[in-house]
Amino acid sequence: MKISCERDKFSQAFQLAASVAAVKDVKPVLQNVKVSIAGGGVLLQATDTEIGIRLLLEGCETVEKGDAILPTKRFKMILQESNEQTLLIVSDQEKTVVSGARSRFTLPTQATDEFPDVEDFAETAYHEITVKVLREIIRRTSFAIDEENTRYALGGVLLEFIDDKVYGVATDGRRLAFQEGTAQCVGNHKAENTIFPAKALHLLDRALGVDDDIVQVAVSAHRALFRCGRIVFFTRLIEGRFPRWRTIIPNTEGKVQIDILAGALYSAVRQAAIVTSEKQPGVIFSFNDGKLTLHAHGGEFGDSNIEIPISYSGTSKEIKLDPKFVGDFLRVLDSEKNLSLFISDGEPFHVRTDDAYVYVIMPMA
């Protein structure tokens with residue numbers, strides 16, 4: 001194989017592929033990136049068998065066809081440290097030579113036939129969704145997974161594609177994040193109770209293009225494929241059954257509703273949490289006439305008392321919440337986003353936005 005390419009452009013594509021490559025000895029060759037000449041461009045592939053990516057890079061001069069196995073760590077360092085504008089990459093079954101006008105590196109290589117190709121997107125039934133909607137679902141839900149159980153249902157994000165809707169849900173048993181979005185169904189595609197690894201979704205988020213780009217999603221029993229432009233992304237699904245999340249989300253009927261800006265609440269939560277500790281982590285939210293007071297008692301660390309003006313004139317209500325759980329969802333929202341807080345005695349605290357986002361938090365004792 002022999003190709004000539006712009007270093008900056010190749011570096012961006014290679015680093016994205018390298019982020020998917022195996023970091024453990026699942027199979028030594030999978031700690032590398034496979035590069036091939038295909039489809040009028042340069043194809044980069046990486047996989048750890050659970051997640052995989054195919055990335056077609058255009059604009060390179062393909063001098064001689066072939067394949068190469070590039071070591072992620074050393075090759076990434078060459079791309080980062082080199083100041084060459086153009087690099088020539090020449091590889092055979094014994095070595096890979098990377099050279100520019102004033103530099104030359106010789107790296108060992110491995111047999112390309114030991115590297116399993118990542119599945120391409122050839123589906124006829126799938127859902128189409130914009131990058132903006134998919135990215136929003138990922139960012140607004142994935143923080144709520146149970147990070148200690150990443151191999152089980154609560155360690156992933158539920159994505160369901162039904163008719164013209166997509167639903168994203170994550171929960172760790174103490175809080176739940178839900179986001180609904182619009183999608184277009186093609187070929188009667190449908191996916192229910194499909195649980196995606198959070199790691200895969202974070203990597204997919206990095207790989208996605210600009211907000212207006214279209215992503216095609218095809219889900220089967222054990223795996224999912226995404227295609228966005230010149231990128232195909234593969235992930236295996238988490239086995240197990242997700243909790244009956246629809247029964248967990250409270251309704252709004254009969255609840256006290258208080259509107260507040262996300263930025264104002266986030267600032268108050270961060271301030272109130274300054275004195276909290278592992279032994280005393282909670283913040284008390286007190287709703288009174290015209291104001292919301294956030295109070296925390298941190299023992300030897302002191303006390304905090306933060307007030308926010310709100311439009312509320314009902315009876316006083318109080319609830320104790322984990323400030324980390326509150327801050328996690330506020331962090332992923334625009335500071336000018338209007339929130340509707342719903343409180344009711346003896347029920348979970350929950351928040352809604354005007355773009356179909358719901359967040360539920362169980363109160364602390």
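**View 1. Surroundings of helix H2.** The buried residues of H2 are covered by elements that include helix H1 (7-18), strand S2 (32-38), strand S6 (67-71), strand S7 (86-91), strand S8 (95-99) and strand S9 (104-108). Contact here means heavy atoms within 4.5 Å. Helices (H or I, at least four residues) and strands (E, at least two) are DSSP runs, numbered from the N terminus. Helix H2 covers residues 72-81, and its buried residues are Thr72, Phe75, Ile78 and Leu79. These buried residues of H2 line one face of the helix, because they fall within an arc of 135 degrees when seen down its axis. The arc is that of the directions from the helix axis to the C-beta atoms. Lys73 and Glu81, on the other side of H2, are exposed. Buried means under 20% relative accessible area, exposed over 50%, and partly exposed in between (1.4 Å probe, protein chains only).

The model is predicted: local features need pLDDT of at least 70 and side-chain atom pairs count only at pLDDT 80 or more, while totals for chains, interfaces and linings use all residues. Residues are numbered from 1 along each chain as its sequence is written, and side-chain values use heavy atoms, with hydrogens and water left out.

**View 2. The whole protein.** The protein has 6 helices and 26 strands. Its C-alpha trace spans about 75 × 50 × 35 Å along the principal axes. Of its 365 residues, 52% count as buried. Among contacts with a separation of 6 or more, 67% are accounted for by residues 24 or more positions apart.

**View 3. Helices H5 and H6.** Helix H5 (residues 262-272) and helix H6 (residues 323-331) have axes that come within 10 Å and cross at roughly 145 degrees. Axes are lines fitted to C-alpha atoms, for helices over the stretch in contact, and angles run from 0 to 180 degrees between N-to-C directions. The crossing in which H5 passes H6 is left-handed. A crossing is left-handed if the near helix is turned anticlockwise from the far one by less than a right angle, and right-handed if clockwise. From H5, the contact is made by Ala262, Leu265, Tyr266 and Val269; from H6, by Pro323, Val326, Gly327, Leu330 and Arg331. The residues of this contact divide into 7 nonpolar, 1 polar and 1 charged. Ala, Val, Leu, Ile, Met, Phe, Trp, Tyr, Cys and Pro count as nonpolar, Asp, Glu, Lys and Arg as charged, and the others, Gly among them, as polar.

**View 4. The buried side of helix H5.** Ala262, Leu265, Tyr266, Ala268, Val269 and Ala272 are the buried residues of H5. They lie on the same side of H5, because they cover an arc of only 165 degrees around the axis. The buried residues of H5 pack against H6 and five strands named here: S19 (256-261), S20 (283-288), S21 (291-297), S22 (303-309) and S24 (338-343).

**View 5. The nonpolar cores.** The largest nonpolar core has 98 residues, and those with the most contacts inside it are Phe10, Leu44, Phe285 and Phe287. A nonpolar core is a set of buried Ala, Val, Leu, Ile, Met, Phe, Trp, Tyr and Cys residues joined through side-chain atoms within 4.5 Å. Apart from the largest core lies another, of 14 residues, among them Ile162, Leu176, Ile238 and Trp245. Leaving aside neighbours within four places in sequence, phenylalanine 287 is in contact with residues including Ile258, Leu292, Tyr312, Leu341 and Phe349.

**View 6. Phenylalanine 325 in helix H6.** Phenylalanine 325 is placed in helix H6. Its relative accessibility is 7%, so phenylalanine 325 counts as buried. Not counting neighbours within four places in sequence, phenylalanine 325 is in contact with Asp172, Arg174, Arg175, Tyr359 and Ile361. The C-alpha atoms of phenylalanine 325 and isoleucine 361 are separated by 7.4 Å, although these residues are 36 residues apart along the chain.

**View 7. Threonine 130 at strand S10.** Threonine 130 is found in strand S10 (residues 126-130). With 28% relative accessibility, threonine 130 counts as partly exposed. Beyond four places in sequence, threonine 130 touches Asp211, Asp213 and Ile214.

**View 8. Helix H4 and the loop between S14 and S15.** Helix H4 (residues 198-207) is largely enclosed by the rest of the structure, because 7 of its 10 residues are buried. Asparagine 188 is found in the loop between strand S14 (184-186) and strand S15 (195-197), and at 74% relative accessibility asparagine 188 counts as exposed. Asparagine 188 has a positive phi of about 60 degrees although it is not a glycine.
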